[in-house]
Amino acid sequence: MLNDFKRIMAFHKVSKHLQHINAFQVLEDHKPAYHFQPKHHWINDPNAPMYYKGLYHLFYQHNPKGSVWGNIVWAHSVSKDLINWTPLDPAIEPTKPFDKFGCWSGSATILTDNKPIILYTGMTKEKPEPGYQVQNYAIPENYSDPYLTKWIKPDSNPIIKPTKENVSAFRDPTTAWKINDQWEMTIGSKVDMLGISYLYRSKDFINWTLVDHPLHQKENEGMWECPDFYPVSTKGEKGLDTTVIDGDIKHVFKVSLDLTKYDYYTIGKYDTKQDKYIPDKGMVDSWAGLRYDWGNFYASKTFFDPVKKRRIIWGWANESSTEDENVKKGWAGILLIPRTVWLDPSGKQLLQWPVVELETLRHKNVQLTDKELKKGDIVEVAGINVAQVDVDVLFKFSNLDKAEEYNTEWDKTFPPEMLAKNICQVMGTTQQGGLGPFGLLALTSKDFKEYTPIFFRIFKTPNTKHKVLMCSDAMPSTLNLNEYRPSYGGFVDVDTTENKISLRSLIDHSVVESFAAGGKTVMTSRVYPTLAIGDKAHLHVFNNGTEIVIVERLDAWSMTKPKMN
């Protein structure tokens, strides 16, 4: 499994010979237009998103000197709508002994007096690799400034030093919550292959004590990066502040696994008496468990939006191109579209959907209605900029009788964490089925030498239920064989009795971010066509199954570029 991630594991990889190569030019061919990124150079984790005095604040890991990881600062941008952003000077830079070798990820907490405070990981030494890690805090110089343009790192830092914790695997403090009049937060770590979320308490947010048990831990996971812990309502879609610890709620515990570069989560109970997180019965608490996104998505961070009463998640998508290509083009990494996240009515998973503000970028619209797709049909969606598009389609089919049989040998052959991905890779779009493959062909060249398919297959299973597979396949996306071109896959837990399934894809030059069944399964691919670039790109709906599929409705909008002042 791990070999599959070698091409995308640039995070924390030190390439000192490339860290300081400035972007003399920025190549635009694959540069996304409406996804967030700095004007040039490297970006990774979203650090401490928050809302303060009328503005959304976004902090993120950034190399201001080059297009590979290194020289990391906390870059800072603000927005009134989560879409149009104004960059400010970096909030935190490595200037003190407690962070001289790096200012790594962390979180923001709004204290009870409505004052924000940042917790972050600092590197005090370069050894042992990737560095000796401590926890620091920073506060605004002027709380009345809605832009929070200047931050102070008090000399009382570090406020948490490792004692029994692994000094080189001790990072990414979370947003804090309150219990029994004390603040609590958790930090990711590991002991050998034991993933640990250490728990800390404080009365004043400055003096922290390690609790004698972790918030959660799990064997055979390795390093738990960027943990996130937050409540979700069981009574609807409204988000909750992190400080809510009781009522009609469940809690979400998420980790970013350093070994796989995926984000995994479970849903469960925060036992406030034991001060522990307990996953719900039936939750798979391992590599084979739930993911926010089954594709290129990592180091996510959520925050509560007090204005619209929603919880929003930001995630990072790395490049799938080589380091040398990243240096040449002058940029690397993007943040994916912020998503609203809430609990599915089943209580068994989360739902995610792009924030509604994204729709303000929609421009020219084209539609298809009641378009019948027979076996082998490919229908073009034309008349808009399909390299920079938001497309929302609802497929329907008359019945499930011709769904192909699910091959139970797959369950024996493929590890559970790779099952859907491997079926997608084996079956592809060319192998005909009964119900499927059907879906979209994004960023397609005129001669179909390049295309990125996002599609469904529906299988009959021995227990008479149906299994819906979603795939996003970068293998045919480019003629450049140097690129990492994975096939991603995930199952969609959807009611098939209605004989309908929806797909929304946000296509943005080198990004294909897709949402199935109203956000039940989400998948992001990074692709780098050589032919299907800009106005040379095409978009199609297709069906390669024997059963007729109907496009009940399709809306596609050209997307304008947001303002990045």
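**Figure 1. A hairpin made of strands β4 and β5.** In this close-up, β4 and β5 form a hairpin, with five residues between the two strands. Look for L82 in the turn, where phi is positive, at about 70 degrees. This is a predicted model, so please read each view with that in mind. Strand β4 covers residues 73-79 and strand β5 covers residues 85-92, and the two pair in the antiparallel sense over five bridges. To find your way across the pairing, start at W74, which stands opposite I92 in β5.

**Figure 2. An open sheet of four strands.** The order of the strands in this sheet is β6-β7-β8-β9, and the pairing is antiparallel. Which strands sit at the edges? They are β6 (103-110) and β9 (151-152), each of which pairs on one side only. Strand β8 (residues 132-140) is joined to β9 by two bridges, again in the antiparallel sense. One contact to look for is I139, whose bridge partner in β9 is I152.

**Figure 3. A cis peptide bond and a charge over a ring.** Here is a useful piece of background: most peptide bonds are trans. The bond from K127 to P128, however, is cis, with omega near -10 degrees. You will find P128 in the loop between β7 (116-125) and β8. This view also includes K125, which lies over the face of Y132, at 4.9 Å from the ring centre.

**Figure 4. The hairpin of β25 and β26.** Strand β25 (residues 339-343) and β26 pair in the antiparallel sense over five bridges. Six residues lie between the strands of this hairpin, and G347 in the turn has a positive phi of about 75 degrees. L343 stands opposite L350 in β26. Is β26 enclosed or open to the outside? Four of its five residues are buried, so β26 is largely enclosed by the rest of the structure.

**Figure 5. The largest pocket and its lining.** A volume of about 990 Å³ belongs to the largest pocket. Its lining counts 42 residues, and the closest to the pocket centre are L290, W294, Q349, F491 and D493. Several elements supply at least two lining residues each, among them β18 (262-271), β26 (350-354) and helix α3 (419-427). Which element gives the most to this lining? It is β34, with four residues. Sorted by class, the lining has 20 nonpolar, 11 polar and 11 charged residues.

**Figure 6. Aromatic rings that meet across the chain.** There are 33 aromatic pairs in the structure. In one of them, the ring centres of F395 and F438 are 5.2 Å apart and the planes meet at 65 degrees, so the pair is edge-to-face. F395 belongs to strand β29 (residues 388-397) and F438 to strand β31 (residues 435-444), so the pair ties together parts that are 43 residues apart in sequence. F395 is buried, with a relative accessible area of 0%, and F438 is also buried, at 0% relative accessibility. For F455 and F542, the centres are 6.4 Å apart and the planes are at 70 degrees, so this pair is edge-to-face. Distant parts of the chain are linked here, with F455 in strand β32 (residues 452-460) and F542 in strand β38 (residues 538-543), 87 residues apart. Both F455 and F542 are buried. An aromatic cluster is also worth finding: W177, W224, F229, F253, Y270 and Y277 form it together.

**Figure 7. Two aspartates with a positive phi.** Most residues other than glycine have a negative phi. D192 is not a glycine, yet its phi is positive, at about 55 degrees. D192 is placed in the loop between β12 (182-191) and β13 (194-202). D275 also has a positive phi, of about 60 degrees, although it is not a glycine. The loop between β18 and β19 (276-279) holds D275. How do their surroundings compare? D192 is exposed, with a relative accessible area of 66%, whereas D275 is buried, at 3%.

**Figure 8. An exposed lysine in helix α1.** K328 is found in helix α1 (residues 323-329). With a relative accessibility of 61%, K328 counts as exposed. Its C-alpha atom is separated by 42 Å from that of I267, and K328 and I267 are 61 residues apart along the chain.

How values were computed: Residues numbered from 1 in each chain as written. Predicted model: local features only at pLDDT ≥ 70, side-chain atom pairs only at ≥ 80, totals over all residues. Heavy atoms only, no water. Phe/Tyr/Trp six-rings, centres within 6.5 Å; stacked < 30°, edge-to-face > 60°. Buried < 20%, exposed > 50% of the residue type's maximum accessible area, 1.4 Å probe, protein only. Lys NZ or Arg CZ within 6 Å of the ring centre and 35° of its normal. 1 Å grid on protein atoms, 1.4 Å probe; cavity = no way out; pocket = protein on both sides within 12 Å on 5 of 7 lines; lining within 4 Å. Points joined across faces, edges and corners; volume = space filled by probe spheres on them. Nonpolar A, V, L, I, M, F, W, Y, C, P; charged D, E, K, R; others polar. Pairing = 2+ DSSP bridges.
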